[in-house]
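Student: I've got a model open and want to talk through a helix and a bit of surface. Can you walk me through them?

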Amino acid sequence: MGNFTYLRHSQNTAIQTGTTITASTSATAYPSANLKLLPVSKHWRSTGVTSEDLQIAFDAAYAINLLGVINHNLTSAATITVNGGSTANPGGGEYTTTITYREFDAFKLLAAAQTWRYWKFIFADAMNPDGYIKVGIPVLGSATTLGFHWRHGSEFADEFVNVFTRSSGGAVYAENIYGIIKHTFRFGPLTVANMATLRTLYRVLKGSASPLFVIPESQTNDGYFGRFTNALTRSLDIYEFADLQFEEDGRGRDIT
């Protein structure tokens, strides 16, 4: 199972000012510059699908234990290879790994951190029906795993926002606009020190002002990019209790 794990967006080394991202190809309206910008719907788009890559150069070598791509359109037949190295355009001789497919947001939490200045994400998805590969934001950072976990009884919700109307004759018009995942993480009983850790995270993010990538259980392939949306209200007793409501950032609509 593993404990609650997160990476604040501001800790993502891939989007820092000193980082350079170079794409193998880019569609005119979807440049690689989009990869460092929010919202995640403002994506990069390649012009091919068989062998595309993103080369990411930091201004120095940093310890990384989380690799991922947010808001991608890869299919389950795709491969995602990640190389790290001490020189530009790493070929995998110093470090290489693969990321298991996961719809929309694919990631890998490393057992041991890797410290390299240069990284390369390689995508191959020959049967992608879109005819291109898109990525909203690459993730390269040092994630934090809490020393405690949310308790049983936490909630998970799928939400679809739709246009739904009826004509004067009762005929239905329904169209999906977007879908998101919501979580309510119920923490407690917590020690004062553990609650202070949770409160510090919430205050650094300023509630919903700043996003983060959360892995609800560090040993599962399940992660989401979004924000905490509620006021952090603590129940104070011998032990403390609090709920954190999390909501995915919307992925937007593809326009061809």
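Student: Which residues of α1 are buried?

Tutor: Quick caveats: this is a predicted model, where local features need pLDDT of at least 70, side-chain atom pairs count only at pLDDT 80 or more, and totals for chains, interfaces and linings use all residues. Residues are numbered from 1 along each chain as its sequence is written, and side-chain values use heavy atoms, with hydrogens and water left out. Helices (H or I, at least four residues) and strands (E, at least two) are DSSP runs, numbered from the N terminus. Taking buried as under 20% relative accessible area, exposed as over 50% and partly exposed as in between (1.4 Å probe, protein chains only), the buried residues of α1 are M195, L198, L201, Y202 and L205.

Student: Why do they sit on the same side of α1?

Tutor: Look at the directions from the helix axis to the C-beta atoms, which define the arc. The buried residues are on the same side of α1 because their arc around the axis is only 120 degrees.

Student: Which exposed residues does the face turned away carry?

Tutor: Flip α1 over, away from its buried side. The exposed residues on that face are V192, A193 and R203.

Student: What phi does K206 take?

Tutor: K206 comes just after α1. Its phi is positive, at about 55 degrees.

Student: Is I177 buried, partly exposed or exposed?

Tutor: I177 is found in strand β12. Its relative accessibility is 34%, so I177 counts as partly exposed.
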